[in-house]
Protein chains: 4
Amino acid sequence: MKIEKEQILVENQQQTTFHNESFDFLGSSLDKRGVDVEEVVQRLADFQVAIPSWALGAGGTRFGRFSFYGEPATLEQKIDDVGVLHALTGTAGAISLHIPWDIPEDYKAIRERAASHGLIFDAVNSNTFQDQKDAKESYRYGSLSNRNEAVREQAIQHNLDVIKIGEKLGSKSLTVWLADGSNFPGQDNFQTALLNTEDSLKKIYAGLPEDWKLFIEYKPYEPNFYSTVIQDWGTSFLLANACGEKAYTLVDLGHHLPNTNIEQIVSTLMVKGKLGGFHFNDSKYGDDDSTTGSVKPYALFLIFNELVYGMQHNPQNPYPAWMIDASHNIKDPLEDLIQSLEAIQEAYAKALLVDQEQLKVAQQQNDVVQCQEILQNAYRTDVRPLLERARLQMGSALHPLMTYRSLQVRDNLIKERGRHTVATGL
Amino acid sequence: MKIEKEQILVENQQQTTFHNESFDFLGSSLDKRGVDVEEVVQRLADFQVAIPSWALGAGGTRFGRFSFYGEPATLEQKIDDVGVLHALTGTAGAISLHIPWDIPEDYKAIRERAASHGLIFDAVNSNTFQDQKDAKESYRYGSLSNRNEAVREQAIQHNLDVIKIGEKLGSKSLTVWLADGSNFPGQDNFQTALLNTEDSLKKIYAGLPEDWKLFIEYKPYEPNFYSTVIQDWGTSFLLANACGEKAYTLVDLGHHLPNTNIEQIVSTLMVKGKLGGFHFNDSKYGDDDSTTGSVKPYALFLIFNELVYGMQHNPQNPYPAWMIDASHNIKDPLEDLIQSLEAIQEAYAKALLVDQEQLKVAQQQNDVVQCQEILQNAYRTDVRPLLERARLQMGSALHPLMTYRSLQVRDNLIKERGRHTVATGL
Amino acid sequence: MKIEKEQILVENQQQTTFHNESFDFLGSSLDKRGVDVEEVVQRLADFQVAIPSWALGAGGTRFGRFSFYGEPATLEQKIDDVGVLHALTGTAGAISLHIPWDIPEDYKAIRERAASHGLIFDAVNSNTFQDQKDAKESYRYGSLSNRNEAVREQAIQHNLDVIKIGEKLGSKSLTVWLADGSNFPGQDNFQTALLNTEDSLKKIYAGLPEDWKLFIEYKPYEPNFYSTVIQDWGTSFLLANACGEKAYTLVDLGHHLPNTNIEQIVSTLMVKGKLGGFHFNDSKYGDDDSTTGSVKPYALFLIFNELVYGMQHNPQNPYPAWMIDASHNIKDPLEDLIQSLEAIQEAYAKALLVDQEQLKVAQQQNDVVQCQEILQNAYRTDVRPLLERARLQMGSALHPLMTYRSLQVRDNLIKERGRHTVATGL
Amino acid sequence: MKIEKEQILVENQQQTTFHNESFDFLGSSLDKRGVDVEEVVQRLADFQVAIPSWALGAGGTRFGRFSFYGEPATLEQKIDDVGVLHALTGTAGAISLHIPWDIPEDYKAIRERAASHGLIFDAVNSNTFQDQKDAKESYRYGSLSNRNEAVREQAIQHNLDVIKIGEKLGSKSLTVWLADGSNFPGQDNFQTALLNTEDSLKKIYAGLPEDWKLFIEYKPYEPNFYSTVIQDWGTSFLLANACGEKAYTLVDLGHHLPNTNIEQIVSTLMVKGKLGGFHFNDSKYGDDDSTTGSVKPYALFLIFNELVYGMQHNPQNPYPAWMIDASHNIKDPLEDLIQSLEAIQEAYAKALLVDQEQLKVAQQQNDVVQCQEILQNAYRTDVRPLLERARLQMGSALHPLMTYRSLQVRDNLIKERGRHTVATGL
């Protein structure tokens with residue numbers, strides 16, 4: 001399934017008048033506030049978020065897995081799904097593969113298929129948290145941190161293999177997420193586990209191509225866990241520094257203890273040049289992997305405020321890799337991703353509206369009330385016309401979700417693929 | 001100090017053109033969405049939030065107390081301060097007194113002064129968490145829950161006295177907030193403490209005038225505490241039921257454990273007819289008493305969504321008493337309150353925009369994506385023109401904070417009162 | 001597999017001398033503290049904890065399921081497993097079935113088998129959180145709270161069926177645990193969901209035999225959830241009161257928000273006569289279902305302190321139903337349960353050592369330091385000799401875990417059952 | 001007031017027989033487990049914890065300050081109070097001063113007085129979180145992180161002055177704890193604040209004598225805060241590395257978000273050679289500064305397990321500085337400290353009983369059940385006889401709290417000092 005530009009154009013036509021009116025009204029009012037509206041729109045158009053290949057099917061829950069039917073059963077179909085997202089939103093211009101769930105058989109064909117949708121291959125993700133069928137060693141008691149050298153070597157080799165695959169696809173970074181940790185006090189020696197992990201990561205780092213980056217995720221806990229080896233940004237930062245300058249910390253919004261000030265972590269990592277990647281999602285209680293922006297949109301805005309600041313002021317930090325890392329248990333995965341992309345763009349747009357110069361002045365005057373006004377003035381603005389305009393410029397849908405439904409994409413996918421397909425890795 | 005209508009008019013004039021344009025544009029677009037804009041504006045105008053008399057001076061911190069100068073030193077001046085807020089915002093039409101910090105000397109004069117600002121007296125608040133100078137008994141080990149009957153009786157009598165004072169002012173409700181609890185395991189017998197509290201509240205309830213209500217606050221912890229007697233809404237609800245139909249639970253936004261779903265508590269209390277009052281503030285970590293809407297505006301919107309629903313569907317629940325309960329340590333208290341009032345009105349306005357009929361349909365169809373769209377469509381709307389219009393209709397300031405600064409209110413208060421006044425109770 | 005008394009006797013013999021010495025030493029020192037040691041031992045012997053039928057196999061994790069082999073594949077084998085636990089510990093004298101995972105085919109045979117191990121059937125557990133194969137309706141969007149009446153009726157009927165099954169086994173209570181809730185703001189109408197649940201529970205309650213009890217669990221969240229219908233004890237309490245006097249709240253240790261004071265909830269429920277049942281486990285972050293006592297043993301002791309107090313002072317509260325509700329992902333399930341039973345007995349024993357009279361005096365004198373001393377004097381006591389003595393009196397193992405390993409129970413189970421059995425429901 | 005050895009001896013005599021019996025019984029049983037009891041007792045005797053000079057009076061609460069009377073009004077009296085603690089417990093052999101609350105007038109006299117009690121001067125603590133009377137600059141908007149260079153310089157100079165004072169007393173380390181942070185989003189520029197702090201700390205570090213250490217505390221929040229500059233160990237670690245090898249992270253038990261795995265942080269810092277100091281206290285909800293071991297004694301044991309491991313295996317990490325940092329609002333401060341010291345010693349003793357060799361084997365075999373058994377075998381042991389023996393060897397009290405009460409220390413202090421003294425800094 002592929003959405004054609006013309007289909008979108010037709011859908012857009014009905015909405016264009018109202019869009020133009022609201023864009024003009026917002027534009028002129030932003031203009032008065034000193035905003036370069038055209039530049040904001042351009043930045044929104046340039047902003048691309050990777051879609052992980054495992055997020056295109058329904059996720060499993062403790063209570064069963066409820067498919068939305070027509071799920072992609074092959075890598076080709078996953079790429080097509082991201083293609084649909086990108087055609088509609090103009091923001092999903094990359095796909096992030098998970099190995100071994102998505103090993104291509106024909107690399108050339110896969111690259112061409114991606115290119116036909118305007119997609120590139122973002123970070124590749126290794127998997128040492130599940131045992132593969134024919135694996136010699138088990139990750140039951142950890143992978144890169146395992147006490148058993150043979151297990152560590154298998155896990156290191158897997159990461160090196162993943163890099164090889166990524167190279168053939170044009171990826172430029174490897175994301176390492178570990179479920180290593182312990183379930184009970186005493187089960188693990190924290191120091192040994194940390195040193196083993198450091199050592200393993202260095203070996204992976206040694207196999208990294210010159211122009212690649214290594215992203216190290218952190219996460220405080222898993223269900224039924226007592227500890228995780230890389231529990232917080234501090235541990236990831238320490239490991240990244242131990243590896244070298246191409247190693248970075250990756251922040252996943254859901255991987256924090258209650259009440260953590262994430263925006264400050266983002267800021268610290270950027271000023272130290274170590275924020276490599278960013279995974280979007282949202283949560284109310286734990287690592288819920290809910291739709292981005294569905295629970296705490298203001299926190300997302302504050303985080304983007306730091307990201308925008310960092311991108312403008314921290315040349316020491318590379319441009320971060322953006323990815324959605326969510327789970328779709330109750331929503332059509334593609335609709336869920338459309339909502340996430342909209343929320344991400346919205347937060348970014350609002351952060352771009354923050355008057356950094358005014359803010360600096362208010363901060364210097366310790367005018368705390370005014371500082372809040374400046375942030376909230378940007379946040380309260382209804383920026384949807386800006387997002388629409390950026391999509392319009394790219395030939396994407398003014399209203400992606402509406403168009404998705406209007407074009408009956410899910411029904412078409414079911415017709416093409418049948419109901420009972422299940423995506424690999426789910 | 002009193003702000004005259006004319007002063008506000010002059011300030012408004014410079015902003016009226018832009019306001020009219022944006023109101024018209026928003027209005028016509030809401031109109032298309034089926035919103036009765038006039039009704040929304042009227043409801044916003046009708047919505048009144050009480051200001052507590054203790055919130056008009058700078059709060060103390062562990063590290064000192066930093067005054068903003070010109071603080072109100074007397075009850076008269078506190079009323080004037082609320083008058084300023086009400087003149088500017090049109091939303092602060094009530095004052096909530098704290099006894100014994102604010103015992104009037106001349107009731108008639110006080111009532112007339114309040115009336116001259118258009119203010120009424122909302123719930124009166126008792127204080128059994130601090131020892132008063134000449135008190136016979138100490139609340140060091142609790143008040144209404146104290147093991148010592150003499151202490152309980154003093155605390156009960158104080159509440160009865162507070163009711164008497166409230167009657168003379170036209171108040172119609174008593175708010176009981178307790179700091180009773182224990183600092184260490186074993187210190188208290190939970191059952192005795194609860195039963196004593198229940199017994200004490202019943203005695204206060206027995207002294208409640210026919211047309212009054214009793215509001216019972218809950219709170220999970222205080223600094224250095226191990227337990228509080230009324231730790232959650234369940235305990236407050238149990239106590240309110242034990243007292244009778246004029247007793248209600250009062251929800252303070254800051255009085256919850258991390259991650260609590262407060263909107264659901266609101267909903268449960270309303271369907272059971274037991275939500276009596278509501279205290280606004282915000283927080284990032286604990287009971288921070290920050291400016292309302294400064295940290296979690298979307299949560300505030302979701303709460304208002306339940307409040308609006310309850311006010312429309314739950315005749316069994318009385319119209320709740322609204323109050324701001326915040327602390328001002330780093331901002332000019334009046335500016336802080338203006339920001340809180342703005343955020344409250346904003347959340348209320350957005351909740352009024354939620355299309356309840358559409359939402360019901362989407363819920364019935366289990367269209368989770370659409371449910372979220374409906375909420376977020378309301379939330380994403382920039383409702384500031386609606387708030388402005390409501391204020392304009394009441395003769396209040398289009399931009400209260402701007403006008404407050406433009407009229408140099410704080411400077412005038414300092415001139416009038418001097419720099420080093422300190423409000424009673426701070 | 002069945003452990004014979006003689007096997008245990010032989011194992012015990014090697015440890016008896018040391019046991020006698022330590023018991024005598026501890027006994028005489030407790031005697032000096034005024035403790036009636038014999039009575040404490042008797043109470044420990046009398047204390048019986050139900051084992052849920054689903055806890056005898058390895059639980060699944062996000063990353064796979066790692067069997068310990070020799071798992072029980074049938075209800076008969078599950079009963080045998082609990083028989084092994086009871087033979088070793090003398091504390092696991094009941095089994096709690098989960099329907100439909102454990103529907104007996106031959107009730108008489110099943111009851112005889114249980115009786116042969118000295119086991120009775122405790123509360124039966126319904127399951128409306130998973131869809132069964134041939135079910136007409138799906139619980140995807142809730143069960144007892146579902147908007148769709150047909151779904152609710154199916155869920156109600158299931159509970160009534162479970163009661164029927166329980167009656168044939170001699171059970172006297174039904175435990176209802178719901179995974180009903182919503183994943184996103186707006187998805188559910190909180191009020192409708194609550195009222196539906198209340199209505200459904202009343203219908204189940206109406207079918208409850210005269211001498212049965214209904215236990216209503218609460219839980220704040222599930223992974224990927226935004227709300228649960230019965231989020232806290234207050235909601236469960238409200239529902240239990242709505243049903244009637246045979247309906248009670250059930251407390252599961254893992255079902256609370258961070259930092260909740262659970263012991264106070266226990267105390268409140270008991271003084272109000274509404275604590276029906278209790279599920280043991282432990283956790284560090286969320287609902288981890290870890291081995292009881294493995295993370296927060298002092299909290300467990302404080303909870304038992306309230307339970308002991310309540311059992312002694314609250315005739316209005318029935319004797320609670322005790323059950324372990326844990327998951328075993330990394331430990332042999334039987335070993336895990338042995339460790340849990342040991343920790344539960346330990347906490348109970350220590351709570352029995354608290355000098356309630358002394359404590360009351362210290363509380364009355366507001367001698368907070370002494371209150372803590374009294375609790376910690378009990379807690380610091382090494383009570384293992386008391387547990388051993390209780391087991392010795394019952395013909396159980398002095399050291400259950402050691403005996404379990406020495407008798408090579410797991411190896412024998414694997415021989416009997418084969419390696420790759422999987423328990424129903426896992 | 002000074003407690004004489006003879007007074008203690010007399011008190012001990014009545015308890016010696018029972019102590020000997022229980023020590024012998026425990027000793028012989030530990031002997032069988034392979035424990036070198038004498039060595040454990042010696043380590044307990046060697047373990048010394050500093051008492052902060054500000055912890056000797058009652059702390060203030062939001063609701064007033066309740067004195068226990070006879071509080072030390074001068075530095076001399078504070079030293080005497082610590083002398084009392086040290087005489088009774090043998091564990092409080094150091095005092096940690098807070099500048100400017102405790103600036104000595106006559107250094108020689110002060111040092112002699114401390115020496116007469118067997119006390120040394122531990123880390124000195126600077127204070128840039130409160131404005132001093134004649135200070136030119138205010139710390140209202142931060143100290144070492146302040147945007148205003150003059151404020152930073154004043155704060156840096158204060159720290160340099162504190163070092164000078166410490167040198168005259170024989171201190172060897174400076175502890176920097178900051179209350180710098182922001183109350184609202186937008187108020188602060190995180191990057192500027194961090195860089196300013198880093199720069200200020202480097203300037204303080206430059207003034208550090210050769211044989212001194214710099215300890216940098218972290219803390220996630222203060223009441224009414226939105227952010228703190230040094231929010232977590234990662235930030236402190238980063239700053240310590242930026243300063244140099246004499247700079248270290250200091251861990252305060254209360255300075256963590258809910259559910260943080262503190263023992264793992266300790267372990268990470270020690271293996272990286274950066275754990276400089278440790279502040280003991282306990283808490284249920286936030287930074288409660290409760291009596292150590294009063295709420296989570298098992299967590300304290302797990303932390304000590306890491307500390308013991310680190311002290312044995314990490315020569316790269318210096319011997320940490322130990323201090324109690326608690327607040328005493330409802331207990332006699334000296335009794336509170338005695339309880340804390342007892343709990344610290346108990347946790348240390350239990351950690352020393354962990355069979356590290358056995359644990360290593362069990363870990364290598366992935367015998368998770370056995371790992372837990374090993375930890376809990378140590379933890380369940382009643383180690384009080386070991387603590388008593390250590391105190392007996394030092395001429396301290398078998399039962400410090402009992403002796404404190406028996407000698408009527410508080411009454412004597414009141415007689416000496418009067419009732420209404422208030423310690424400086426409270």
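**Exercise 1. How many residue pairs are in polar contact across the interface of chain D and chain B? Describe that interface step by step.**

Solution. Start with the count itself: in this predicted model, six residue pairs, both members at pLDDT 80 or more, are in polar contact across the interface of chain D and chain B. Next, turn to charge pairing, where the count between chain D and chain B is zero salt bridges. Then establish the extent of the interface: 39 residues of chain D are in contact with 39 residues of chain B, and the area buried between the two chains is about 3,300 Å², with carbon and sulfur atoms giving 59% of it. Within the part that chain D buries against chain B, Phe63(D), Arg140(D) and Tyr285(D) supply 23% of the area, more than any other three residues. Finally, sort the residues by type: the side of chain D that touches chain B divides into 18 nonpolar, twelve polar and nine charged residues.

**Exercise 2. Describe the interface of chain D and chain A, and state which element of chain D gives the largest share of the side that touches chain A.**

Solution. Begin with contacts and area, as before: 50 residues of chain D are in contact with 50 residues of chain A, and the two chains bury about 4,400 Å² between them, 56% of it on carbon and sulfur atoms. Of the area that chain D buries against chain A, 15% is supplied by Phe190(D), Gln191(D) and Gln264(D), more than by any other three residues.

The second step concerns specific pairs. Two salt bridges are counted between chain D and chain A; Lys272(D) forms a salt bridge with Glu198(A), and their closest N and O atoms are 2.7 Å apart, which falls inside the 4 Å cut-off for a salt bridge. Across this interface 28 residue pairs, both members at pLDDT 80 or more, are in polar contact.

The third step assigns the surface to elements. Those giving two or more residues to the side of chain D that touches chain A include helix 6 (190–206), helix 7 (233–243), helix 9 (297–313) and strand 10 (227–228) of chain D. The largest share, seven residues, comes from helix 8 of chain D, and the residues on this side divide into 22 nonpolar, 21 polar and seven charged.

**Exercise 3. Locate the cis peptide bonds that precede Pro100(A) and Pro100(D), and place a positive phi value in chain B.**

Solution. In chain A, the peptide bond from Ile99(A) to Pro100(A) is cis, with omega near 20°, and Pro100(A) lies in the loop between strand 4 (94–96) and helix 5 (107–116) of that chain. In chain D, a cis peptide bond joins Ile99(D) and Pro100(D), with omega about 20°, and Pro100(D) lies in the loop between strand 4 (94–96) and helix 4 (107–116) of chain D. As for chain B, Asp289(B), a residue other than glycine, has a positive phi near 50°; Asp289(B) is found in the loop between strand 12 (275–280) and helix 9 (297–313) of chain B.

**Exercise 4. Explain why the salt bridge of Arg391(A) and Glu342(A) ties together separate parts of the sequence, and find an aromatic pair in chain C that links distant parts of its chain.**

Solution. The structure holds 76 salt bridges over all chains, and in one of them Arg391(A) pairs with Glu342(A), the closest N and O atoms being 3.1 Å apart. Because Arg391(A) lies in helix 14 (residues 384–394) and Glu342(A) in helix 11 (residues 333–353) of chain A, the pair ties together parts that are 49 residues apart in sequence.

For the aromatic part, a search of the whole structure finds 80 aromatic pairs over all chains. Phe47(C) and Trp322(C) form one that is tilted, with 5.1 Å centre to centre and 40° between the planes. Phe47(C) sits in the loop between helix 2 (37–46) and strand 1 (50–52) of chain C, whereas Trp322(C) belongs to strand 13 (residues 321–324), 275 residues apart.

**Exercise 5. What ipTM and pTM does the model score, and what is the average pLDDT of chain A?**

Solution. The model scores ipTM 0.97 and pTM 0.98. Chain A averages a pLDDT of 96, and 99% of its residues score at least 70.

How values were computed. Residues are numbered from 1 along each chain as its sequence is written. Chains are lettered from A and ligands numbered from 1 in the order in which they are written. This is a predicted model: local features need pLDDT of at least 70, side-chain atom pairs count only at pLDDT 80 or more; totals for chains, interfaces and linings use all residues. Side-chain values use heavy atoms; hydrogens and water are left out. Contact means heavy atoms within 4.5 Å. Buried area is the accessible area (1.4 Å probe) that two parts lose on being put together, summed over both. A salt bridge is a side-chain nitrogen of Lys or Arg within 4 Å of a carboxyl oxygen of Asp or Glu. A polar contact is a pair of N or O atoms within 3.5 Å; within protein, one must be able to donate a hydrogen and the other to accept it, and residues adjacent in sequence count only if both atoms are side-chain atoms. Helices (H or I, at least four residues) and strands (E, at least two) are DSSP runs, numbered from the N terminus. Ala, Val, Leu, Ile, Met, Phe, Trp, Tyr, Cys and Pro count as nonpolar, Asp, Glu, Lys and Arg as charged, and the others, Gly among them, as polar. pLDDT is the predictor's confidence in each residue, from 0 to 100. Rings of Phe, Tyr and Trp (its six-membered ring) pair if their centres lie within 6.5 Å; planes under 30 degrees apart count as stacked, over 60 as edge-to-face and the rest as tilted.
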